[in-house]
Amino acid sequence: MINKLQTLLEEWNHQQIRYALIRNYEFLLDAHEPPGFDLDIVVAEEDYLRIESVLISHGFIKYPQQFSLRHQGFGKYFPQSQKKIGLDIQVGGIHWNDIPYLAAEQVLPRRVFREFFYTLSEEDELVMYICHSLLGKRYFKEKYKQKITELLQKDTNIVNVQKNLTTIFNQPISQRLITAIQLGDFSALEKKSYRYATYYVIKNKKNIFQFIKLSVRWFWQKGLLRNYPLIS
């Protein structure tokens, strides 16, 4: 399975597709790591159709579009490994649903090459784990706590990380986030995760508009709006 995934990723490299693996790629670097079920990937919007074409040519199935339009899922079952691997392709940036917190043009020029594929830089990876946990999960998985701690112990430029978090949220929140993770006090952030997520939405009119559209699509997909003739 890993050899086939390597061939796929090397084809992306050969075609100079601008992408980066975001999460759950550890098993590609360490044979002792159990394979994840999903790989999260960011791709430049202009390169999405090429990445889709390569995936389909390698036997991946394109999943039906969900309520989030900036995420596209693909999957393939590997009989020899008895594993199904899903790919979540995030188009044009790293998103909380349809709301981007790190743009592709921001992170892809800083991406890092690891053996046979690209990942985020350590700074962008740290920002991603913080925002993904606060906005998407509302809690910090043990795996992500470990990842954040490991990144803090490296030569990660905390000043740049804080600048990015300030852009995403604001300066006081950014400072609280950095202080808490440096102390390992993740529970303090989890208690305020809904507050941070709410602030992230309302700080920007475009975010509010995207959130409303996403919510309507979610309710429609769940069949909760189809009895309303003015909406249907």
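By class, the lining of the largest pocket has 11 nonpolar, eight polar and 10 charged residues. The model analysed here is predicted. The space in this largest pocket comes to about 650 Å³. Its lining is made of 29 residues. Five of these lie nearest the centre of the pocket: G92, P100, L102, A103 and K206. Four elements each give two or more residues to the lining of the largest pocket. They are strand β7 and the helices α3 (104-107), α6 (158-168) and α10 (205-221). The largest share comes from α10, which supplies five residues.

The second largest pocket has a volume of about 420 Å³. Around it stand 20 lining residues. Nearest the centre of this pocket are R23, H71, D88, H132 and K137. Two or more residues of the lining come from each of β2 (38-43), β5 (83-91), β6 and α4 (122-137). Helix α4 gives the most, with five residues. The lining of the second largest pocket divides into six nonpolar, seven polar and seven charged residues.

Empty space can also be enclosed. A probe the size of a water molecule, rolled over the atoms, shows where such space is left. The structure holds one cavity of 30 Å³ or more. The volume of the largest cavity is about 30 Å³. M1, K4, F78, P79, Q80 and S81 form its lining. Three of the lining residues are nonpolar, two are polar and one is charged.

Strands β6 and β7 were examined next. Strand β6 covers residues 93-96, and strand β7 covers residues 99-103. The two strands pair in the antiparallel sense. Four bridges join them. G93 stands opposite A103 in β7. A103 is also among the residues nearest the centre of the largest pocket. The hairpin of β6 and β7 has two residues between the strands. In this hairpin, N97 takes a positive phi near 55°. Both strands also take part in pocket linings. Strand β7 gives two or more residues to the lining of the largest pocket. Strand β6 gives two or more to the lining of the second largest pocket.

Two helix pairs complete the picture. The first pair is α1 (residues 2-14) and α2 (residues 48-57). The axes of α1 and α2 come within 11 Å. They cross at roughly 150°. Angles over 145 degrees count as roughly antiparallel, so α1 is roughly antiparallel to α2. The crossing of α1 and α2 is right-handed.

The second pair is α4 and α6, with axes 9 Å apart. These helices pack at an angle of about 40°. This angle makes α4 oblique to α6. The crossing of α4 and α6 is right-handed. Each helix of this pair also lines a pocket. Helix α6 gives two or more residues to the lining of the largest pocket. Helix α4 gives five residues to the lining of the second largest pocket.

Conventions
Residues are numbered from 1 along each chain as its sequence is written. This is a predicted model: local features need pLDDT of at least 70, side-chain atom pairs count only at pLDDT 80 or more; totals for chains, interfaces and linings use all residues. Side-chain values use heavy atoms; hydrogens and water are left out. On a 1 Å grid over the protein atoms alone, a cavity is a set of points where a 1.4 Å probe fits but cannot get out, and a pocket is an open set with protein on both sides within 12 Å along at least five of seven lines; lining residues have an atom within 4 Å of a point. Grid points are joined across faces, edges and corners, and a volume is the space filled by probe spheres set on the points. Ala, Val, Leu, Ile, Met, Phe, Trp, Tyr, Cys and Pro count as nonpolar, Asp, Glu, Lys and Arg as charged, and the others, Gly among them, as polar. Two strands pair if DSSP finds at least two bridges between them. Axes are lines fitted to C-alpha atoms, for helices over the stretch in contact, and angles run from 0 to 180 degrees between N-to-C directions. Angles under 35 degrees count as roughly parallel, over 145 as roughly antiparallel, 65 to 115 as roughly perpendicular and the rest as oblique. A crossing is left-handed if the near helix is turned anticlockwise from the far one by less than a right angle, and right-handed if clockwise.
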